[in-house]
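Colleague: Could you walk me through reading a fold, starting wide and ending on one helix?

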Amino acid sequence: MFPIRDHNPSGRTPYITYLLMAANIGIFLSYVGVMQNTQLINEVWYNWALIPARLNNGEASYTVISSMFLHGGWMHLAGNMLFLYIFGDNIEDELGHLGYLVFYLVAGIAAGLAQYASGPASYVPMVGASGAIAGVMGAYLLLFPKAKVDILIILIVFFKIFPIPAWIMLAAWFAMQFVGGIGASPDNGGVAYWAHAGGFVAGVALAIPVWLRLGGPAFWNKTHGLPPHPQAQYKLVASAIPKAGRRRKPRGPWT
């Protein structure tokens, strides 16, 4: 189950969102060729990933930023870019291009520090844009809680697209990160749950001034939690590929 799009069109071209996506993809392509070489990829992680123990020793403070442009594999990259594409344009629309870039970086730094705080002695490297993107999702929850988000559900051979309010999808996602973080050890690899949760909370906090500028609770009352503009409408269109007719059985005597 994962989101594939929202019904919340933006009013301007999201240049920074596109730039961030291009940067993440371009940087990943620059080292993907050495990912099967343990020595070389470990050098990449050591130099550019966020390693809490190094940060705790006063080393490599720049990695709170560089780590958010690294990814551990194709699916890691694709999932993050999908979420950034869905939710980033609307937050950039509200904050402006430069404001959105600052917001994204600050949320990403907060996410990295949250993961660091969960295990400052850990030598497990943290990479990924998901902490910063979680901040974008937190801001989206505050500003557009009832915007429709289409969720694709796949169960073996069955798949279905369901539109649900953004707050349900985002709140459920945050709850999974929080619960996952409680049971996770910072000394084991895997999902950086506290980076996700920390980035999300930071995103909500950073978006509060914008929400208040728009009117705060009065903005919610006016829009009923929906985007303050017409929502996009989607519908599934039948395939134009002609279907073969079913062959009719001949009638006649059979022996």
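We go from the whole chain down to helix α2.

Modeller: Keep in mind that this is a predicted model.

Colleague: How many helices and strands are there in the protein chain?

Modeller: Count the elements, then read their order. Here the chain has 10 helices and 3 strands. From the N terminus on, they run β-α-α-α-α-α-α-α-β-β-α-α-α.

Colleague: And what box do the C-alpha atoms fill?

Modeller: Take the principal axes as your frame. The box is roughly 90 × 55 × 35 Å. Within the chain of 255 residues, 42% count as buried. For contacts between residues at least 6 apart in sequence, 76% join residues at least 24 apart.

Colleague: What about the surface and the charges?

Modeller: The accessible surface is about 14,500 Å², and 66% of that belongs to carbon and sulfur atoms. As for charge, there are 15 positive and 9 negative side chains, with the centres of the two sets 27 Å apart.

Colleague: Now zoom in. Which residues of helix α2 are buried?

Modeller: For a helix, list the buried residues, then check where they point. In α2, residues 38–48, they are Ile41, Val44 and Trp45. These three sit on the same side of α2, because they cover an arc of only 95° around the axis.

Colleague: What do the buried residues of α2 pack against?

Modeller: Their partner is α1, residues 15–31.

Colleague: Which residue caps the N-terminal end of α2?

Modeller: Look for a side chain reaching a backbone nitrogen. Asn37 does the capping, with a side-chain oxygen 3.2 Å from the backbone nitrogen of Gln39.

Conventions: Residues are numbered from 1 along each chain as its sequence is written. This is a predicted model: local features need pLDDT of at least 70, side-chain atom pairs count only at pLDDT 80 or more; totals for chains, interfaces and linings use all residues. Side-chain values use heavy atoms; hydrogens and water are left out. Buried means under 20% relative accessible area, exposed over 50%, partly exposed in between (1.4 Å probe, protein chains only). Helices (H or I, at least four residues) and strands (E, at least two) are DSSP runs, numbered from the N terminus. The arc is that of the directions from the helix axis to the C-beta atoms. Contact means heavy atoms within 4.5 Å. A polar contact is a pair of N or O atoms within 3.5 Å; within protein, one must be able to donate a hydrogen and the other to accept it, and residues adjacent in sequence count only if both atoms are side-chain atoms. Accessible areas come from the Shrake-Rupley method with a 1.4 Å probe; for residues, only the protein chains shown count as cover. Lys and Arg count as positive and Asp and Glu as negative; His and the chain ends are not counted. The place of a charge is taken as NZ of Lys, CZ of Arg, CG of Asp or CD of Glu.
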